[in-house]
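Please read the structure shown here together with the dialogue that follows it. A learner asks how each feature is to be read, and a teacher replies.

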Amino acid sequence: MTFKLITWNINSVRLRLDLVKRLLEEYQPDLLCLQEIKCQNDQFPGAEIAAAGYPHIHVRGQKAYHGVAAVSRHPIVDAGQRAFCGKDDARHQHVTLEQNGGPVTVHNFYVPAGGDEPDPAINEKFDHKLKFLNEMTDWFSQMTKTRREVVVGDLNIAPLENDVWSHKQLLKVVSHTPIEVEHLDRAMAAGNWHDAMRQHVPADEKLYTWWSYRAKDWSAADKGRRLDHVWLSPALGGACQKIEVLRDVRGWEPKPSDHAPVYAELEL
DNA sequence: ATGGCTAACAACGTTAGA
């Protein structure tokens, strides 16, 4: 059956609850994975999301920053979270759903942004980002590759040249530096993950999921980056029938998130 | 001309995003 999945960096779920409800109403996903919910578990607007038809919710939040949440139409049969880099900073959760073809586990990530200076020796945030990616690599290399698993979320790296508006101008900008891309590539290779977005959009076409708030007209300037991703385990490598960046949602008023959701349909 | 903006907080300036 077709499983509809959306990943979205919401940049405060409390401030943008109406946008979340509109997205659920318009796109009717089976599962929505949110990042940067910026609230503690007991502040998550679960009752209103349940009332919208999504009563199965697993939240991993904390005060003020980061935080991820999964909201599902269908029962979550298993859920958990992993602390990376010895910090309990709410950057990962997993949920497992029972589908016709057996269980499917979705990992929802919010990788550290990494600060401004792309040098781990002088910027502790960048160091944290690289260490986080190394830990992902170690973990993925131990995973059973025959399992049906999906990685989604804001990985905060735009790996390909056409994942940014100007490869040349962003080579020294955090999110597109060669060292970050190498780290992300290693994590991807360690799990034999397939990049579902690039299965459907050729590498020579521009593809973005994030546009800065600072542009006067984000859509006209179109200086975007592909920071959000959907990865498929080898067992699901051919499962994605359709995937698209919901670019219009970046313009939803009032107060859009600076990330657009990524919508995927998987045959499970 | 990649920061021109945006969000949370015991909160009117700081920290963080990317």
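The dialogue below takes up helix packing, burial, backbone angles and the surroundings of a DNA strand.

Q: What kind of model is this?

A: This is a predicted model. Every value discussed below is computed from it.

Q: How is the packing of two helices described?

A: In general, two packed helices are described by the angle between their axes and by the distance between those axes. In this structure, helix H3, residues 124-142, packs with helix H5, residues 178-190. The angle is about 15°, and the axes are 8 Å apart. Helix H3 is therefore roughly parallel to H5, because angles under 35 degrees count as roughly parallel.

Q: Is the crossing of H3 and H5 left-handed or right-handed?

A: The crossing in which H3 passes H5 is left-handed.

Q: Which residues of H3 and H5 meet?

A: From H3, the residues are Leu130, Leu133, Asn134, Met136, Thr137, Phe140 and Ser141. From H5, the residues that they meet are His183, Leu184, Arg186, Ala187 and Ala190. Sorted by class, the contact of H3 with H5 contains seven nonpolar, four polar and one charged residues.

Q: How does one decide whether a residue such as Val71 is buried or exposed?

A: The idea is to count the other C-beta atoms within 10 Å of the residue's own; 20 or more make the residue buried, and 12 or fewer make it exposed. Val71, which belongs to strand E4, residues 68-72, has 27 C-beta neighbours inside 10 Å and so counts as buried. Leaving aside residues up to four places away in sequence, Val71 touches Leu32, Ile49, Tyr54 and Ile57. The C-alpha atoms of Val71 and Leu34 are separated by 8.3 Å, although these residues stand 37 residues apart along the chain.

Q: Is Phe44, in a loop, buried or exposed?

A: Phe44 is found in the loop between strand E2 (31-35) and helix H2 (46-51). This residue is buried, because 23 other C-beta atoms lie within 10 Å. With residues up to four places away in sequence left out, the contacts of Phe44 are Val13, Ile37, Cys39, Val59, Gly61 and Ala69. For one of these, Val59, the C-alpha atom is separated from that of Phe44 by 7.6 Å, and the two residues are 15 residues apart along the chain.

Q: How do Thr2 and Lys21 fare under the count of C-beta atoms?

A: Thr2, in strand E1, residues 2-9, has 11 C-beta neighbours inside 10 Å and therefore counts as exposed. Thr2 nevertheless touches Glu265 and Glu267, with residues up to four places away in sequence not counted. Its C-alpha atom is separated by 9.4 Å from that of Ala239, 237 residues apart along the chain. Lys21 lies in helix H1, residues 17-27, and is partly exposed, because 17 other C-beta atoms lie within 10 Å. The C-alpha atoms of Lys21 and Asp195 are separated by 28 Å, and these residues are 174 residues apart along the chain.

Q: What should one look for in phi angles and peptide bonds?

A: Most residues other than glycine have a negative phi, and most peptide bonds are trans. Asn156, which is not a glycine, has a positive phi of about 60°. Asn156 is in the loop between strand E8 (149-154) and helix H4 (167-170), and is buried, because 25 other C-beta atoms lie within 10 Å. Ser175 also has a positive phi, near 115°. Ser175 sits in the loop between H4 and H5 and counts as buried, because it has 22 C-beta neighbours inside 10 Å.

Q: Which two residues does a cis peptide bond join?

A: The cis peptide bond joins Glu253 and Pro254, with omega about -5°. Pro254 lies in the loop between strand E13 (240-245) and strand E14 (262-267).

Q: Which residues come nearest to DNA strand B?

A: There are 30 residues around DNA strand B, and Ser12, Ala64, Ser212, Tyr213 and Lys223 come nearest. By class, the residues of the surface near this strand are 10 nonpolar, eight polar and 12 charged.

Methods:
Residues are numbered from 1 along each chain as its sequence is written. Chains are lettered from A and ligands numbered from 1 in the order in which they are written. This is a predicted model: local features need pLDDT of at least 70, side-chain atom pairs count only at pLDDT 80 or more; totals for chains, interfaces and linings use all residues. Axes are lines fitted to C-alpha atoms, for helices over the stretch in contact, and angles run from 0 to 180 degrees between N-to-C directions. Helices (H or I, at least four residues) and strands (E, at least two) are DSSP runs, numbered from the N terminus. Angles under 35 degrees count as roughly parallel, over 145 as roughly antiparallel, 65 to 115 as roughly perpendicular and the rest as oblique. A crossing is left-handed if the near helix is turned anticlockwise from the far one by less than a right angle, and right-handed if clockwise. Two residues are in contact if their C-beta atoms, placed from the backbone, lie within 7 Å. Ala, Val, Leu, Ile, Met, Phe, Trp, Tyr, Cys and Pro count as nonpolar, Asp, Glu, Lys and Arg as charged, and the others, Gly among them, as polar. A residue is near a molecule or strand if its C-beta atom, placed from the backbone, lies within 6 Å of it.
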